[in-house]
Structure formats: structure tokens, C-alpha cells
Amino acid sequence: MLRSGLCSSVLLVALALSGDASAVWAPDGVDLSRPRLLFRANELAAIQAKMDIAPTPPWLDAVLDHMEAMIAQGAAAAADPGLDQRTKEAQRFKGRAARNLAFLYAVDRTRVGGSVVSFPTPADRENVGDQVRDYLLGLYPVSRLGPQPPLGGWDRDISTSEEILNWATAYDALKGAGYDFGADEETIVGLIADLASHLYLHYTQPGTALNFALFHQNNHRSKTGASLAMAGIALAEYIAPAGASRPTARDPADWVEYGLDQFDDIVRVGLNTGDGGYAEGPFYFQFTSLNGIPFARAWDRLLGGAAYPAFGNLLPSWWRHPLYERSLRWMLDMTLPDGSMVHIDDGNPGRSHFFGLVPPDWPEAPAYYWRWANAPRAYQTDGNLDLGPDAIVLYDPAVVPAPPEGSPTAFYPEAGNAIFRRDWASDSIVAVALGEYDTASLFGRRRDGFPLTPQGHEHPDAGTFLLHAYGERMALDPGYFNFTNGREKVARAEHHNGILVDGAGPFDPLQASLLWTDPDQRPPADGHARITDTVDTAFLDAARITTSYGFLPGGRADEAPRIERRFVFADHRYLAIADRVESRDGAAHDFSWLLHGHGGGVDPGGAAGGTFESTAAGGRWQRAAARLDSGFALDTGAPTFTSELGIHESVITKDEDATHVVLQADGTGTELASLMLVYPSPAAQAAPTLNSLATPGVASVVLDDPEGDRRVLAWHRAAAGTPLAFAAAQTGLAEAASDGHLALFDAALDGTLRLAHAEGATRIVYDGTTWVEASRRATLSVAPAPGEVHYRIADRAPTVELPSVPFAPARADGACGFANHPDGSVTVTLNRERRFTLAAAAGNARPAADPGPDWRIPLGTTLPLDGSASCDADGDALEPRWRLVSAPTQHRWTIEGANTWTPELVVDRPGPYRLELVVTDVHGLESLPQQVLILGGAPCQDGVDDDLDGLIDSDDPSCGNAEIHYPWGEGCGLGPELAPILAALAIGRRRRRPARTRRTRAE
């Protein structure tokens, strides 16, 4: 199969190169019959059938509503005698209208009295065609990078790219439907060619537009690339007449090659992280998708999904690339409860993505359709471009929308996003913590390795977070007002929920990008953060974010303070954030913890501003539907609290200042441990109380929420040690104890334990019962429930001993086996999966996936993986399913043998690879997903912070002395060629292990 795909690609290269590209774009083997862009002729009947469904489905009505609104705007603009028809606003309105009308003409459908019908008469249809023709004749044929405002400006290439796509698509659709342009066709084609060639010239010869294009390395370049390629496809036969201006820029074949290369270089290579995150953030992924979706779909349809050569590189189809599918899932996970996009970095609140415009055969298409329908603007298609026609072409009414399956919490370590989510309800609780580094911080590189500079949409927000709950945004990440007027009010570190060092956060990423002049070096930036130690269970989720910033310019990077933030999403209900800050230059520093709560300020537009009040251990913010309480403590004593007004963007008015109260807690020292509870609750309920406890060397907070039937005790200290116990009289819970450095106990008002969590611990004790006891210090979690107990015991031991289980287990989900003992204890046999449930009721047990150990592998290695240690407590036969969820830039994104126990991964690029294994038993019950991490290359080469000191290793002065953790000794001269042999030996050793103990029951 691999050989067949490779041969197909080589054949296409030969066909493409054999076409006459000197004057036209006409690669052999590519069907250039019209229409070429919105759809192909063989799709017409299916499109018409979708529009003929009676009654019209809601999604189609909504899409048509948007289209009709765009058409009305275009007609109003064209008829306005006071509007300069050359302005970007006029051209945008008319271009959207032309594209929509041309589509309706091509499919011979319109809406009359609320019903979708064929045009009543041929004359009615011809009138629509004439209207599109008139719009095309009035297009402004000048790249807006050249003229001064109001017609153009330094960044108005974006407007030109959108105009090109509208005009090229409208012309192609009308031409493909048989409309007779008559003598006007030559004029229209010439106008589109004028516009495309002018923008192409400004990018390929930047000096022709004051070098503005040199500053446009992100969505500018991808949007321009997509539109130039679309123009080249639409005008594939065009040959410039003698005497035409810009003759060297008028070849459609050049537009196609350049456009494809630029789009791929930004969207797939430069700004896409290994796990699908887009470095400019969700808002700009949506923004570039306005041009990218129509182009990627049209390109894929023309070439049948095959790769195509551009400037010596064979570029894959983005539309069917696994990384694109991964990016869409990232976009879905990066939505708030109402369906709008998480507005991190430069991102407007309240916007939603075009989730209906995805390949309908994707396995997760039902979830995308569901999200599209459940958003602030259901079935959204419109922006600067309107994608209504594309939505109609793509949407499959047979796909039944449904919320996403599996855990609603998601981690994207390379994208730098830890997304904690209770569920997919519209009033859910969602928290997003940011730990971005390298490409995710907008420090991407082109295919040739050169930096993409400058980049202007990143905020210095290492370790910051936001939280939405009960229909309100409560812990704010402010996004921005608009890019050119007000961004500076919200784009600095102090505008986010992070930690400041001596009053400052990380060095501004935009300045670092401007200073990044050496392609052989990394950017001169700090604040890179790495997400590790992720936990996703049925009762608690967690992630650790490590970063470093605060050194003076010219200072040693390894002398900057190290900051470690541990986020625990307890009971999928609230956040406990345990921070450890460490000064590494020997000097005491001032550390400030910021919490931007939504309340206590004023919203313009008549909306309620909410309230704020100081409390004993922090503060309380209240909105109409929700409140947010915080409790904060330091291990060195009581912190100093101050508050002030902050600014954020109003969802209602967008461009006016809205304010809120920022709570700041301060502490000074060389090493501090802190704990913060961030607790949302419905505004209709009575408010909880939070207090800190005066315990030397320990930061501790207790919460009492009578109406929520909850009491919480949490503590954090600098290091694990002797058991620490809190009496019931101190907390309102039963006595709680652990020897870990971090612990959290959550109980009902009657003292019944809901969950307990401890890190760096060997035991958890509550109310005199030892719930968990481990053989070594590890992260331990337990959650009793009626008839079952959930555990996570990450001590890596092959068996765990549970001293006390409240019943004799009859089933073990996620384990390899178990044994009950006469004294009431239970021995559980585990593999790499450390999440398991003991149940009192018998039944089919959930299997446990084990993808094998993490590896560090030299480049050029083909690594055989091994999932044969996967198990089932019932002894059922299992079937494996592997998938790649993260890979370094330009990896081919394939694994051989994805449905076998020993797939193979080619490690051909430096950086992290993540593979996920799910196993299914004979009854169809799936395991929880389990990931394995493969690091390609040495620590100084892999682009991550391997030693978790807050510095990417190539920036780390100690990197040269870093231990290289290969699974074999480097000193004996073993090289990449021996890696497969050694991996195979490791697999054989795993296979020779004794068979897993079948579930047994002690009498």
C-alpha cells in the first residue's frame, strides 16, 4: 500500500512537470472542466437534492439567511452613490454577494417565500447572472498593499486576498454554469488577472510595496497563498496580452505554485504545532480558514488528494492530511461552553468556528456538526468572506450531530493547552491553562528552517489560565479589542492570570520575534512553558506547567526564576493551583499572583458589571448567573493582597473598555510554595467561605460550601516529608493525612469522602482509613462511590496493595487482575495504565492499554512499538488500534501496522512524537486511551525542555552536560542502525513476561 501511494505521488509529479506551465496552468491528468472551485459538475445533482429537502432543515435555512444578508449588503453597496466603490468595504460587500449569487445561479436554486425552488423563469436566473457580471466588471484591480488609506495600507493584503477569492470563484461558477459573458469576459478575466498579478508581485518583489510583505508571515501569507492559487486555477488558460503591465507576474502557473507553497508553509509547517494547535490561536485559525477551506477543498477535489510539487517539494493535500483533522479537533476542544472559541492571545470573545465545513466522512463529523449547531451563531459561515456556498456543498444531512465522545478534558502539550472540562453542556465549567513554547509561542520556522518573523498575535502568558462557569466568563483572559486600537491594553503579562517576577512577566514575544535575526539560533525569548504530568480520570484531572522568566537582558537564562504551576481540576468542578517559585540567582524576588475576576467593574452598553468584595483569604466576584471565590495561601506566611481595576473587551460592544477587579497576592523570597483555590458556584446558591490555615511551612486552604454539600482541604509545601495530618476540628472534614508535598481532600458535609489526591506521597489516610498505600512516592488519587472505588496510583509498580476497600471487589476495570485477601485488602495487578476501578458488581471488565515505555531515539530510526502488555482482568482477547496524535514539523504522519500489536514509527525529525493506543475486548468494550512519548534526537536537538528547568534545552547553558536518556548506553558506540534491533529485544522481553493473573476471588 505504501509503495502504491508513493508511485502515485511520483506519477503525479511527472504529470505536473510535463504540463505547459510557460503560459497556462494545465498539468496533465488534472480535469480542468468547469466549475473548478466551489464544486465539480458531477456534484451538481447531489447539491440540488440537499437544497430540495422538504421541509428545509434548520442548518440550510440558517446558511441561506446568512447568504441572503450578504447579497443584500452587496446590492446596497452597489446602489450607494456616496460610497467609493473601490474601498475594501464596498468590494467586500459586492464580492460576497457575487460569490453567493453565482453559486445559486450555478445550482439553479433560489428561495421564494421561505421555500427553496428553481428560479421561477429563465429570465429570473439570467438576471442573477447579469448582476454577478456587473459586480465583476466593477472589481478594483489593484493590490491594497500599494495605495494609501482608505483604499489600502500596510496590512491590507488581507482584504485583497479575500477579494481575489470572491471574484475568482464567482467567475468560475458562472462560467461553469454556462453563463454567456459575451464581450465582457475578456475584460473580467483581465481585471482578475490584474488583481492577482499585482498582489503576487508585491509578495515576490516586496520592494514594489515598500517591503510591507516582509512583515506578513502568518495569516497574511496563508490567506494570500490560498487566494492566488484559486485565481490561478480559475484563470488557468489565461495568457497575458502583448503590452500588459507586470508581464513577469501574470502567469497563472506561478500563482498556483507560489500560492500552494505559501499556504502549506504557514498552515502545515510554520505555525502548526505537532499536535494540531495553530500558533496564532483559535481566532486566527478561523480567520485563515476563511480562505483556506475553499482552497484546500477545491485543490483536493482537482487532484484527487494527491501530492503536488512546488519549488522542489512534494506537498500533500491539506484537506485530507491527518494534521488538519487533528487541528479541527483542537479547535473543537478549544471552545467554551457556549460554542465560541477560547479567546487566548489575540482572540475576540463570542466568535465561533465553521464546524460544518469539514469532510463529512471524518469519524468525528457528528461532533463538529453538533458544535456548529450549538454556538452563539448557529451554523455560522460568514466573516469577511461568506462560506455559505461551501457549507451547502460540504454538509451531509445524513450525519447525525452528537456531542463528542470520550473525556471532555484534553491536553495538547505541543500546542501548550491544558483544557479542563466538566462536560459539553452549555452551562459547563471549563478552565484552560496555557503552557506554550516554541512554535506555539509564534516562533515557527519555514520549511527551509528560516524563522517566521515578525509575529504579532502572541501574548506573554506562560502558565496563565481562564475559567468559564454556569454561562459566565469568570476568570478572564481578555483577548483584545481590535488589533490596531486597544490591543496594548490587554496584551501584556499583567493582563492575565499568571505570576509576575519583580512586577514583570515574560519578555514580549513580538519584540523577541523582531530580534530573531539568526536562523541558526533560537529566538531571544523567555517564558517558554512545558505541559507535563497530565492526569485525566473520571473524578479529577491535572497538568503541570513549568516555565522560567524574569532575567535581565544580558543575564544568564539559567539564573532566571523557575516557576512550576500544578493545576488540579478536582471533581471536574473547581481548580486547585499549587505553585512553586524558585530564585536561581541567589537573590530574593518579589512574586505576584494575579487573578482577573469578572466583576466589580463596569461594562459599557448597559450590561451589569458585577460585584467584587475582599474575603479573608482572597476575593469574591459575582455576575448574574455565577460567582467566583478564591482562596490563596503561602508557605511562608500570610500574603499581602491588593486589588485594582483592569480592562477587558466587552462581548457586547467589542470596542469599548469594560472593567473588572484584579486581585493581586504578593510574597517575597528565594523559594515559595503557594496554593490557590478557584471555586465557581451558581449565583442563586449561598456563597461558600474560604480560609487559610496557619500551618508553618505549609500553604493550606479550606473551603466550606454548605449549599453545595462540599468541604475541601488542600495543602502545598515545598517538599514531601513526614506525614502531615489535619484534625477534623480544623477543617470540618474528618481527619486527613498524607506524606506528600501536595494533597487535596474533598468530602460531603457529613464527612463522607468524595475524593482524595496526593503528590509525592506513599499514602492517603482519611478518617482513620488508609485508602491508598504505594511502594514509592508517586501521585495517588482515590474516589469512593456507591458500589465502586476509582483509583489512580502512578507508582509504576507491577502490583499495588490496597489496605482497605469497602467491599469485596468482583470486577476490576482498567487492571490486569486482582486478588481479594481474608483481611479485606486487595492486590491489583497493573500495566502502564494506572487508572482503574474496583466494583462490587460482577460484569465485563474494561481492558487496559499499554503502548510500552517512553523512548528517546536517534534520528533516522524506524522504531517498532509494542502494545502486547495490554491486558484484561477477564482474560479476554484484545484488538489494538494505534494512532499518531503528535509529530514534529514535516513528519509524514504515518505509522505502519496501526491495527497490529507492533506498529512501526519512522523517527525522521527531531522532537516529540505521541502515539495513542486503545484496545478493545471481544465484547466491544474499549480501554481508556493511553499514550507513549517518543523523543527524536538528543536533548539539545529535540526542541523541548527535557529537564523541566523552564528552559528549552538548546537555550539551556547546562544542555551540553544533560544526560541523554536512551534506552541503551551511548558509551558503547551503539548508533541509529542498532535501534530497531534493541527495540525488538525489548519487545521480546515484554512478550516473555508471565501471563497476567486472571481475576480471582479469595474465599
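**Close-up 1. Arg 914 meets its bridge partner in strand 41.** In this predicted model, Arg 914 has Leu 933 of strand 41 as its bridge partner. Strand 40 (residues 911–921) pairs with strand 41 (residues 930–936) in the antiparallel sense, over seven bridges. As background, strands of a sheet pair through backbone hydrogen bonds, either parallel or antiparallel.

**Close-up 2. An open sheet of four strands with mixed pairing.** Follow the strands in the order 36-41-40-38. Which are the edge strands? They are strand 36 (855–857) and strand 38 (878–886), each pairing on one side only. On average, neighbouring strands of this sheet are turned by 25° against each other, direction ignored.

**Close-up 3. A salt bridge within helix 11.** Here Asp 333 and Arg 329 form a salt bridge, and their closest N and O atoms are 3.0 Å apart. Both residues belong to helix 11 (residues 322–333), where four residues, about one turn of the helix, separate them. Are they buried or exposed? Asp 333 and Arg 329 are both buried.

**Close-up 4. Asp 31 and Arg 40 form a salt bridge.** The closest N and O atoms of this pair are 3.7 Å apart. Asp 31 counts as partly exposed because its relative accessibility is 44%, whereas Arg 40, with a relative accessible area of 8%, is buried.

**Close-up 5. Glu 613 forms a salt bridge with Arg 620.** Look for closest N and O atoms 3.6 Å apart. Glu 613 is partly exposed at 42% relative accessibility, while Arg 620 is buried, at 14% relative accessible area. Elsewhere, salt bridges with shared partners join Asp 261, Asp 264, Asp 265, Arg 268, Arg 446 and Arg 447 into one network.

Notes. Residues are numbered from 1 along each chain as its sequence is written. This is a predicted model: local features need pLDDT of at least 70, side-chain atom pairs count only at pLDDT 80 or more; totals for chains, interfaces and linings use all residues. Side-chain values use heavy atoms; hydrogens and water are left out. Two strands pair if DSSP finds at least two bridges between them. Helices (H or I, at least four residues) and strands (E, at least two) are DSSP runs, numbered from the N terminus. Axes are lines fitted to C-alpha atoms, for helices over the stretch in contact, and angles run from 0 to 180 degrees between N-to-C directions. A salt bridge is a side-chain nitrogen of Lys or Arg within 4 Å of a carboxyl oxygen of Asp or Glu. Buried means under 20% relative accessible area, exposed over 50%, partly exposed in between (1.4 Å probe, protein chains only).
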